[in-house]
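Take chain A first, then turn to one strand of chain B and follow its pairings.

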Amino acid sequence: MANKVTNPTRMELTRLKKKLVTATRGHKLLKDKRDELMRQFLDLARENMELRLKVEEGIKAANTNFVIAKAGMSEQALNAAMMAPKQEVSLEMSTKNIMSVDIPQFDFKQKTADENDIYSYGFAFTTGDLDDAVHSLSEVFTDMLKLAEIEKACQLMAAEIERTRRRVNALEYVIIPETQEGIRYITMKLDENERSTQVRLMKVKDMMLEEKYHYSERN
Amino acid sequence: MYNIGVIGDYDSIYGFQALGLSVFPVKSASEGEQVLKHLAESNYAVVYITEKFAVQMTKVIDKYREALTPAIILIPGVSGNTGEGVLGVKKSVEQAVGSDILFSNN
């Protein structure tokens, strides 16, 4: 890991030490973020699955009703019945922030308040099966919207968790060990330099004394 | 103000028309992709797509996975449930956790 060139200077050492502190702190924070995101995500995912099964069941039932309705009417009559819907749905969207992930919140508005406006046709040329079919679909609609909200939240949170997990791992297994290694390298190098200076000084002192007093000749 | 769109074969989705959603019947997945792109660029916050077409459109759908809008939700069509929607939820769990720890046994 020490293949990265680090200058063995005191300035570099201070820089690395600061980096290590930041990285350790960041690592702890991101780990906490990941854990909390995960906790919330698992609850949400369970809810998502439950709701999805419920909605799929509802749509399946509605589809069966529509098939029956279609069987009892001519295609032209059916198309004509569905041609001009009275009801119109629009969405208001706000966002909610969960652990720095923006997730959408939907609130739907219907154009008319009358709940019978989903039957956009006269009753003379349509079968009662069609009414049932439309009704069964309208019943599942609120859940469908809720599903959209939760499923999107799940997708967004899953992406965020993945990103956070990568960051945590990068800090834990790459950045922090590399910085520690760098610090160790510089400390060793500086210590070594100091020792060699010390030895050099002692040697020079010896030489100077020798020159002046000629110790070796006296013995 | 946002809208809700439904993409799929006509038989599976015409009922949503009565509820007041915008319905976009398509005949092929490539046509569906174009409609989806168009909806994503305009004011659609939620798009429901029948599973049958969604399977062939995963590339485009995945592109919008991490965007705030549109929320693309798979629904079973008239020909039945392919299980693709449930698979999508499992995929999220797998992405987040690393493996599917919640629903692996059902």
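**From overall form to a single strand**

In this predicted model, residues 24 or more positions apart supply 83% of the contacts in chain A that have a separation of 6 or more. Contact here means C-beta atoms within 7 Å.

How many helices and strands does chain A have? There are 4 helices and 2 strands. Along the sequence they follow the order α-α-β-β-α-α.

Now consider the dimensions of chain A. The radius of gyration is 37 Å, where a compact globule of 219 residues would have one near 17 Å. The box tells of the extent along each principal axis: the C-alpha atoms fill roughly 135 × 30 × 30 Å. As for burial, 26% of the 219 residues of chain A count as buried.

Move to chain B and find strand β1(B), residues 3–8. Is this strand mostly covered or mostly open? It is mostly covered, with 5 of its 6 residues buried. Buried means that 20 or more other C-beta atoms lie within 10 Å of the residue's own.

Which strands pair with β1(B)? One is β3(B), residues 44–50. The two run parallel and are joined by 5 bridges. Look for B:Ile7, which stands opposite B:Ile49 of β3(B). Another partner is β2(B), residues 22–25, also parallel to β1(B) and joined to it by 4 bridges. Here B:Val6 has B:Val23 as its bridge partner.

Finally, trace the chain from β1(B) to β2(B). Helix α1(B), residues 10–19, forms a β-α-β unit with these two strands. The unit is right-handed.

Terms used. Residues numbered from 1 in each chain as written. Chains lettered and ligands numbered in written order. Predicted model: local features only at pLDDT ≥ 70, side-chain atom pairs only at ≥ 80, totals over all residues. Rg over C-alpha atoms; globule rule 2.2 N^0.38 Å. Buried ≥ 20, exposed ≤ 12 C-beta atoms within 10 Å, placed from the backbone. Contact = placed C-beta atoms within 7 Å. Pairing = 2+ DSSP bridges. Right-handed = clockwise from strand over helix to strand, strands pointing away.
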